[in-house]
Amino acid sequence: MENRSGTPSRPRIPGYFIAIFRYLIVVGCLLWVFYDIRPERLPATLSIHNWLWIPPAVFFQLSSFGLQGIRWKFLLYPLGRLSWLRTTQAVYAGQFANGMFPMRIGELVRVYLVSRWLAADFVAVIPSISMEFLFDCLWLAIAIGTAAFLVPLPPALLDAVFVLVIFVVAAAGLFAFVVFRERKTPHRHHAAASFIEKLWNKANQLFHRLLDGLHGIGFSGAFFGALLVSLLLLITQTLAFWMVMAACGLHLTFWAGAVVFLIVHLGTMLPNAPSNVGTYQFFTVLGLSLFGVDKTTAAGFSVVVFVLLTAPLLLAGFFALHQTGLTQRKIREDMLDTLDRR
């Protein structure tokens, strides 16, 4: 097939095919969560026993994304100085988009906003997002590994952590290689005649620009500051989750609550449905089952904690996006135009 410009178009998987598969996963997770529960007991599990725990839980949840704004500010130093309020606004706006659309589209939204405010290239901002993901994986692996000494964990979870550790070590090694490698003069690409050559040249240019972005971050003071803030971010999110457990009358220790949250965090790291609905409930119930919580109670709690920790975030994200003066449609069109120019 050829498009209007006469160049061959690449075959694509129909969008509805991917959407159907994605929502089948959501439905499957929710069916498992609510299968074999006691319906007569479910309303009681959806109630809050102690509302005093809710305000600090929401505060810690919202504060964690403020910390993410600080972390991102550090990682963006090679591109320019942006205020903490701006980076946090972009983070919240991205979280709102993540709540409305699947596959974590919000990550691209916040990259777009920051590239606009810094007058920087869209691609140049992406390495900072990559470092955030690496930091999150690192602390998550350390946290679950530490929890394994305090609480017996199932072999399947330990296997997942082992895979995560391998990824972190490989990614950290690659980052160190990029930082310490000798930078070479960019290679000039000759005019390509074929579609394959053009595609290769574009991919090669993109790859080297990403490497240059990682090299710019380096092992600076800002790098280690961002690494420390990543730990604080994980701690505040864990506290928010555990406080909702206390509010709902789940009498588990903080360490048990931390393990449940880490399981949820690990299970929802890969992009999926909007706000991780379905997988969030699935891994919450799975984590609570390790500590003897019955499935009906766990299913009810998975709904309560999801609503209490997600709704305020979506409201804050909506306000942050509104303050930019941009609509989701405008952002989407600008991003598509940017990607087309690549």
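How many residues does α6 have, and how far does this helix reach from its first C-alpha to its last? I would like to open with that helix, and the reply is that α6 has 29 residues and reaches 44 Å, which is close to the 42 Å expected at 1.5 Å a residue. Before going on, I should say that what we are looking at is a predicted model, and that every value I mention is computed from it.

Staying with α6 for a moment, its N-terminal end is capped by Asp121, which places a side-chain oxygen 3.1 Å from the backbone nitrogen of Val123. Asp121 also appears in the surroundings of Ser115, a residue that belongs to helix α5, covering residues 106-118. Leaving aside residues up to four places away in sequence, Ser115 touches Ala120, Asp121, Phe122 and Val125. Ser115 is counted as buried because its relative accessible area is 7%, and buried means under 20%.

Let me now step back to the whole chain, which holds 13 helices and 0 strands, so that, read from the N terminus on, the order of elements is α-α-α-α-α-α-α-α-α-α-α-α-α. The protein chain has 342 residues, and buried residues make up 46% of them. If we take the contacts with a separation of 6 or more, 76% of them are accounted for by residues 24 or more positions apart.

That brings me to the interior. The largest nonpolar core has 64 residues, and the members that touch the most other members are Met131, Phe241, Val244, Met245, Leu288 and Phe301. Several helices each supply at least two residues of this core, including α3 (54-75), α6 (122-150), α7 (155-180) and α12. The helix that gives the most to this core is α9, with 11 residues. There is also a second, separate core of 26 residues, and among its members are Trp72, Phe96, Leu113 and Leu326.

Val244 is a good residue to select on screen: not counting residues up to four places away in sequence, Val244 touches Ala57, Phe301, Val305, Leu308 and Leu309.

I turn next to helix α12, which spans residues 295-323. This helix has 29 residues and reaches 42 Å from its first C-alpha to its last, close to the 42 Å expected at 1.5 Å a residue. At the N-terminal end of α12, Asp294 acts as the cap, with a side-chain oxygen lying 3.3 Å from the backbone nitrogen of Thr296, while after the helix comes Gly325, whose phi is positive, near 80°.

Within α12 we find Val303, and here one may ask whether Val303 is buried or partly exposed. With a relative accessible area of 30%, Val303 is partly exposed. Apart from residues up to four places away in sequence, Val303 touches Phe34 and Leu46. Val303 and Tyr280 are 23 residues apart in sequence, and their C-alpha atoms are 9.0 Å apart in space.

My last topic is the aromatic residues. A search of the whole structure finds 20 aromatic pairs. One of them joins Phe219 and Phe223 edge-to-face, at 5.1 Å centre to centre and with 80° between the planes. Phe219 counts as partly exposed at 36% relative accessibility, whereas Phe223 counts as buried at 6%. Another edge-to-face pair is made by Trp242 and Phe254, at 5.8 Å centre to centre, again with 80° between the planes. This second pair links distant parts of the chain, since Trp242 lies in helix α9 and Phe254 in helix α10, 12 residues apart. Trp242 is buried, with a relative accessible area of 19%, while Phe254 is partly exposed, with 27%.

Phe219 and Phe223 also belong to one aromatic cluster, which is formed by Phe135, Phe175, Phe180, Phe219, Phe223 and Phe224.

Finally, there are charged groups to look at beside two of the rings. The charged end of Arg110 sits over the ring of Trp72, 4.5 Å from its centre; Trp72, as I said, is among the residues of the second core. In a comparable way, Lys295 lies over the face of Trp32, at 4.3 Å from the ring centre.

Key
Residues numbered from 1 in each chain as written. Predicted model: local features only at pLDDT ≥ 70, side-chain atom pairs only at ≥ 80, totals over all residues. Heavy atoms only, no water. Helix = DSSP H or I, 4+ residues; strand = E, 2+ residues; numbered from the N terminus. Buried < 20%, exposed > 50% of the residue type's maximum accessible area, 1.4 Å probe, protein only. Contact = heavy atoms within 4.5 Å. Expected span 1.5 Å × (residues − 1). Polar contact = N/O pair within 3.5 Å; in protein donor to acceptor, adjacent residues only side chain to side chain. Core = buried A, V, L, I, M, F, W, Y, C linked by side-chain atoms within 4.5 Å. Phe/Tyr/Trp six-rings, centres within 6.5 Å; stacked < 30°, edge-to-face > 60°. Lys NZ or Arg CZ within 6 Å of the ring centre and 35° of its normal.
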